[in-house]
Amino acid sequence: MSNAFPNLSKQVPGGALNLIEPLEAREMVEDGRAVLIDIRESDEYLREHIKDSRLAPVTALAYLPLAENERRAAIFVCRNGRRALNNSLLLADRGFSSAYILNGGLEAWKKAGLPVVALRLPPRMSDQVLIAAGGLILFVLFLSLFAPQLFWLAVFLAAGQLFAGFTGICAMRVILGRMPWNRDPFLGKTYKEIQPESCPSHIGENQ
């Protein structure tokens, strides 16, 4: 019979939280002794997460009442463990009876052969803007070799990106947001709306 909470030797510097290995974390969750808390952002969670893990972005963690069942331990999850380690003091003070950090995060969970839930999504909008703007500027610069007057169009496009960076107003983002691949109705939801029971049916579980 397993103890209520494992006595782990790996401890986060400063003594705030212990590290827990993926297989032991799964055992605690399946036994009802722990709940998985994913502290990544909404778009990261949507792309890939551990089944039944709860989304609570670290950027909003200080305002979220997480300890619904204080008899259970919290196991905090991020992509590779670093984000949780960097915020260990904040995570330790969330009202749970005990708290851990998944050692190696989601990447370690997958390496251990444990299943995840994944959704095929387009690249993040910020990445799409960078790819589109950079590609367009390079293309126009190439054309300017044959039509030198187009060089100023490349300058205009680069200036537009600077303007977007300073003001947050980006025409490229608006245009890309209207593209068919960015029209998934589940995109743009807040962390409160993205939880295991509300994930769309086209999310699939991968081993």
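## A tour of two helices and a sheet

On the other side of helix H6 from its buried residues, you will find Leu 130, Ile 131 and Leu 138 exposed. Keep in mind as you look around that this is a predicted model.

**Stop 1: the rest of H6.** Select residues 125–144 to see the whole of helix H6. With 20 residues at 1.5 Å a residue, H6 should span 28 Å, and its end C-alpha atoms are 28 Å apart, so the two values agree. Now color Gln 128, Val 129, Ala 133, Ile 137, Val 140 and Ser 144, which are the buried residues of H6. Turn the view to look down the axis of H6: these buried residues fall within an arc of 150 degrees, so they line one face of the helix. What do the buried residues of H6 pack against? Show residues 151–167 and 171–177 as well, and you have the partners, helix H7 and helix H8.

**Stop 2: the sheet.** Next, bring up the open sheet of 5 strands, whose order is E1-E6-E5-E2-E4, with parallel pairing. Its edge strands are E1 (18–20) and E4 (54–55), each of which pairs on one side only. To look at one pairing in detail, select residues 34–38, strand E2, together with E4: the two run parallel and are joined by 2 bridges. Click on Ile 37 and then on Arg 54 in E4, its bridge partner.

**Stop 3: helix H1 on the sheet.** Select residues 22–30 to show helix H1, which packs on the sheet and touches E1, E2, E5 (73–77) and E6 (99–102). The direction of H1 makes about 90 degrees with that of E1. Highlight Pro 22, Ala 25 and Met 28, which are buried in H1. Seen down the axis of H1, its buried residues fall within an arc of 120 degrees, so here too they line one face of the helix. Which elements cover them? The cover includes strands E1, E2, E5 and E6, along with helix H5, so add residues 105–111 to your selection. Then step along to Gly 32, which follows H1 and has a positive phi, near 80 degrees.

**Last stop: the whole chain.** Zoom out to take in 8 helices and 8 strands. Of the 207 residues in the protein chain, 40% count as buried. Among contacts with a separation of 6 or more, 71% come from residues 24 or more positions apart. Switch on a surface to finish: the accessible surface of the protein chain comes to about 12300 Å², and 58% of that belongs to carbon and sulfur atoms.

Key. Residues are numbered from 1 along each chain as its sequence is written. This is a predicted model: local features need pLDDT of at least 70, side-chain atom pairs count only at pLDDT 80 or more; totals for chains, interfaces and linings use all residues. Side-chain values use heavy atoms; hydrogens and water are left out. Two strands pair if DSSP finds at least two bridges between them. Helices (H or I, at least four residues) and strands (E, at least two) are DSSP runs, numbered from the N terminus. Contact means heavy atoms within 4.5 Å. Axes are lines fitted to C-alpha atoms, for helices over the stretch in contact, and angles run from 0 to 180 degrees between N-to-C directions. Buried means under 20% relative accessible area, exposed over 50%, partly exposed in between (1.4 Å probe, protein chains only). The arc is that of the directions from the helix axis to the C-beta atoms. The expected span of a helix is 1.5 Å times one less than its number of residues. Accessible areas come from the Shrake-Rupley method with a 1.4 Å probe; for residues, only the protein chains shown count as cover.
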